[in-house]
Structure formats: structure tokens, C-alpha cells
Amino acid sequence: MLGLEEKSPLEMLQQFAVYFDANLEESLGAATLILNNKHGEGSISLYELFPGLTAWVYNITFNSELVIDLKFSSDRPYYFGYHVSGFQMQKFADETEYHKIRQGQNFILISEPGTSSEFKMSSGIKFESCYLILTPSLLKGSSHNTRKRLEQNLKEIFLQISGERPYRYFGDIDAHTGTFAEIIIKNTRIDLVGRLLTEGAITNLLAAQIEAHDLDHQTDNFQPKLTKSELSKITELGDYIRDNIDDKLTISVLSKYLGFSPRKLQAGVRFLYGYSVNEYVSNVRMEVAKELIYKTNKSVSEICYMVGYSSRSHFSNLFYKRFGILPSKYKDSFYKDTLMYEVSYRSIASDKLNESDVQQIIDVSRINNKKNNITGSLIYYKNVFFQLIEGPKKEVLPLYDKIKEDERHTDVITMWSGSKPYRTFEKWDMSILSDDGMLSIQHQDRVKKLNLEHLLGEIDENAIVSRNLWRKVRTIINVSGKVSKSEL
Ligand SMILES: Cc1cc2nc3c(=O)[nH]c(=O)nc-3n(C[C@H](O)[C@H](O)[C@H](O)COP(=O)(O)O)c2cc1C
């Protein structure tokens, strides 16, 4: 049984990755777990559209039965589930019988804080399912239009069901919802272009489910006269826009690029994304801007120009409309000393490096990092460096820029660069993988020993430099001490 605590979606997926010994790929606001081992095959992706709305997408077959015991937090989120293929069994902690969530059925579950629910998934069945997780408290007070609308819709559901806690709703078999669930499931990309495609489908999916819950909410029901291959071509548009982000991207430029009439282009974009072409272009520009603010030290004016705007105030207005926060405020939010930022990378040591050179790096780092409130770990293993540094963003990013320029290593590949809610290392715990293969992590008064040698055990020389291996090490290090791995 996999015991999961209802935490941030990313932390939950990290727990999955450790439990299944799976690879986890992360990007801003999205992550995907890739399973290809004795436990099963496929992927689980999550997309956080904004705080308060996350989609979990299963596209996976397990080789043995999986029972998840989900402990509910005080946030009381709403789960909207839909299985395009496969089914699931669910029961609350105080129940003896499981209830079947059937293929094609709308399913809504609202938790009761402090209780838990079990979800059972059989082996050998392909799950193509989508769960939308909405946390009303996180949507509150937002000036963002989509969020305000969502909060209103949820309130209406909540009013209907406030007498029952926890709440579970099994709807009819509903093919309309399935159209949108299928788009979400088939899209395996987690970069910003993939996320935008998912965003449109999620909004439609949620509307369809709420509608099916007998509310008087009307969806815009677009029936495009486009074939599947034409729609799939439209999904390529996002890449084109991103690659030409500082150009003038008019409807006529874009329809020429696709070889479609402007009408067809407009109908397709509206169906997939729920926006006009111009709004969609602006959304891609805003997502790129957001990523640049998040991942670089560039000023808002520079970023405004880089994503194709000459007027800073126009840019700020559009950014505010999309994310409900001004770009300058969003940038400032990463420079609070309380907010943790992490960079982890792997690199290859230069040929001439010997043990005493490595020791020198460690000595200098210990002194500098302590001064700058940076913690983390450096692993030096068979000529490969893996380092995780964490601390205030204003310290971490400049340090990383400096490290990248250091001639004592080459081929630096960033594994992850982003915020996280906690510090993994309490102190600067620089570890060279020693003879016993152990890495110590001190986390909240506990010292956790990780046997990396065991982890890297069956890895051949070529795999030592692979991204996947170090991605796995990073996930394990971050989850360490927070998940108990029981038998599968
Ligand atoms: C693999 C590797 C990891 C490093 N990690 C750190 C570190 O965590 N902190 C640090 O201050 N310097 C680190 N350095 C060294 C920096 O690149 C740089 O040489 C050092 O910070 C001294 O810079 P300064 O002379 O500007 O103070 C690392 C170098 C390498 C090759």
C-alpha cells in the first residue's frame, strides 16, 4: 500500500516516484513520472494551472495491484475524476465496501479533513484517467477571472452538499466529458506549450463535469468541423509561437504557416484552448515571460522586450490579466529571504582534477555558502559531479552562474531550477560518495543515511553521466525522510 499525504501535488508525485523507483521530470508548473520497470509501464503527469487547480493524469498500466491510502489535509480539496479507460475502486476509511468508479463516469469526491480514502487500481489494466484537484481556499480572493468564476461554481456545488461530509458523487456515463479528458491524457508534454493545451481542455472538462452535476452552468459547446489531424496540427502552433516569440504573430501569419484558412485556424484554436487566436498568442507570450522571470535574473523590461512587446505597461496589464499579479510583484516574490530556491545539476570533472582539487572546492564552498545562507550537497562520483544548492534565489542564481563558468568541470546540465516549500539540507552537508557509498542528510533533527552506492549499483560506466540517473538521485534526496516505502 502506498501511504500518501495530501500535500502539494508535486510533493505527492515525488512520493510516487520514490515508491515506484521511477523517473521524474519537472518543469515550471508541471511534472511527469515515467515508469518502465517491474512495477509497470506508462506515465503520471501533473499540471498546476495556478495555485488551487491541478490536474493529475494517469496513462499507465501497473503490474501489480496498487492501493493508495490518501490522508486528507485541512484544505478540503475537491476531486473531479474521469476514466477514459480503466476503472478504480474507492472507499472512505470508515467504510468496509469499495465503490466502483466506472469507465466514462463523472466522479466527484470532497474530502473530510483528518480522514482518509483508499483508491484501488488493478494490475494489468490500462488507466487513462484524469483527476482535477481544486482547492477552494487557494482560489479565494483572487482577481484572476478564471479563478473567480471557478470559485463561484464551486460555491454552488458546496451549497448543495454542505450537509454531507465527506461527499461523493457518481454521475452518469458521459461521453462529452470524455472528449476533453482524452485531449488531456494524449498530451504528454509538460513544457509551457503542452501546459497551455492542457489548460484549455481542463477548463472544458471541469465545465462539462460541473454541468453534469446538474448545475445551471452552460459551456460554450464548440463543435469544430476539423479533422483529428488538423487539430493535431494546431497543437504545433504553440511551438511556432514560442520559437518566434518576438515577431508579429497575426492571424494571417499563423494561418499561412499552418496552411489553413483563418476561419479554420480560429475555430480550431477556440475548440482546443477556449481562446481567440490573439488571446492564445498573448497567453504563450505571458507563459514564456513567467518562465523567464522565474528562471533568470533578467529585468521585467528586458523580458517584456524579449517576448515581443515594446510597451512595458501594456505587457504588465496582460500579465496581470492572465496571472492576477503584476510581473514586478511576481519577480519580487522570488526574492524574499524566506522563499527557498533550488538548483541542481550534473557535470563532468575536468581531466586534470585530483582528490585535493575536489577538497579545495569543498573547503571554499563551505565558507562561502555558510555566509550566503546556502545549503546543499555535492556528490563526486567516478568523475561526475552532482550538486544541489538551495537558499534565497538572490544568492543561489548568481552562485550557479559562477559555478557554470568554473573550468574544473564541463558539460553542466541543469536538472532542476525552481522554488520549493522547504529546505532539504539543514546544513551545508557536502558529501563525497565515500567508501561506504553513504550520503548523510540532516533533515529536521534527523540524520538520514542514503546508500547511493546501492542506488547506483547496477549502473554501467555510460549511465553514470546520464540525466535520468541524477534526476532520480535528486528526487530521492528531496523526498528522503518524508515517505515510508512499504512493500509493493
Ligand atoms: C563542481 C563545483 C561545485 C562548486 N560549488 C560551489 C559552492 O557550492 N559554493 C561556492 O561558493 N563555490 C562553489 N564552487 C566554486 C566556484 O566556482 C568558485 O570557484 C568559488 O565560489 C570562488 O569564487 P570567488 O573567487 O569569486 O569567491 C564550485 C565549483 C565546482 C567546480
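User: Why is the link between the side chains of Gln-88 and Tyr-131 called a polar contact?
Analyst: This is a predicted model, and in it the two side chains are joined at 2.5 Å. A polar contact needs a pair of N or O atoms within 3.5 Å, one able to donate a hydrogen and the other to accept it. The value of 2.5 Å meets the distance limit, so the link between Gln-88 and Tyr-131 counts as a polar contact.

User: Is Gln-88 buried or exposed, and how do you know?
Analyst: The relative accessible area of Gln-88 is 1%. Buried means under 20%, so Gln-88 is buried. Its place in the chain is strand E8, residues 88-92.

User: What does Gln-88 touch, leaving out residues up to four places away in sequence?
Analyst: Gln-88 touches His-83, His-99, Lys-100, Ile-101, Phe-119, Lys-120, Met-121 and Tyr-131. To be called a contact, heavy atoms must lie within 4.5 Å.

User: How many cavities of 30 Å³ or more are there?
Analyst: The count comes to five. The largest cavity has a volume of about 180 Å³.

User: Which residues line the largest cavity?
Analyst: Its lining is made up of Leu-4, Met-12, Phe-16, Trp-56, Tyr-58, Ile-68, Leu-70, Tyr-79, Gln-88, Phe-119, Tyr-131 and Ile-133. At least two lining residues come from each of helix H1 (9-20), strand E5 (53-62), strand E6 (66-71) and strand E12 (126-134). Gln-88 and Tyr-131, both in this lining, are the pair joined by the polar contact.

User: How does the lining of the largest cavity divide by class?
Analyst: It has eleven nonpolar residues, one polar residue and no charged residues. Gln is listed neither with the nonpolar residues nor with the charged ones, so it counts as polar. Gln-88 is in the lining, so it is the one polar residue there.

User: Why is Asn-373 called partly exposed?
Analyst: Asn-373 has a relative accessible area of 44%. Partly exposed covers the range between under 20% and over 50%, so Asn-373 belongs to that class. The residue lies in the loop between helix H14 (355-371) and strand E15 (375-381). Its phi is near 65 degrees, a positive value in a residue other than glycine.

User: What class of exposure does Asp-411 have, and why?
Analyst: Its relative accessibility is 49%. Exposed means over 50%, so Asp-411 counts as partly exposed. Asp-411 has a positive phi of about 50 degrees, although it is not a glycine. It sits in strand E17, residues 409-420.

User: Is Lys-186 buried or exposed, and how do you know?
Analyst: The relative accessible area of Lys-186 is 53%. The cut-off for exposed is over 50%, so Lys-186 is exposed. This residue lies in helix H4 (175-186). The C-alpha atoms of Lys-186 and Asn-59 are separated by 8.3 Å, although the two are 127 residues apart along the chain.

User: What about Glu-112: why does it count as partly exposed?
Analyst: At 26% relative accessibility, Glu-112 is not under 20% and not over 50%, so it counts as partly exposed. Glu-112 is in the loop between strand E10 (105-110) and strand E11 (116-121). From C-alpha to C-alpha, Glu-112 and Asp-75 are 9.1 Å apart, with their positions 37 residues apart in sequence.

User: How much of the protein counts as buried?
Analyst: Of its 488 residues, 54% count as buried.

Key: Residues are numbered from 1 along each chain as its sequence is written. This is a predicted model: local features need pLDDT of at least 70, side-chain atom pairs count only at pLDDT 80 or more; totals for chains, interfaces and linings use all residues. Side-chain values use heavy atoms; hydrogens and water are left out. Helices (H or I, at least four residues) and strands (E, at least two) are DSSP runs, numbered from the N terminus. Buried means under 20% relative accessible area, exposed over 50%, partly exposed in between (1.4 Å probe, protein chains only). On a 1 Å grid over the protein atoms alone, a cavity is a set of points where a 1.4 Å probe fits but cannot get out, and a pocket is an open set with protein on both sides within 12 Å along at least five of seven lines; lining residues have an atom within 4 Å of a point. Grid points are joined across faces, edges and corners, and a volume is the space filled by probe spheres set on the points.
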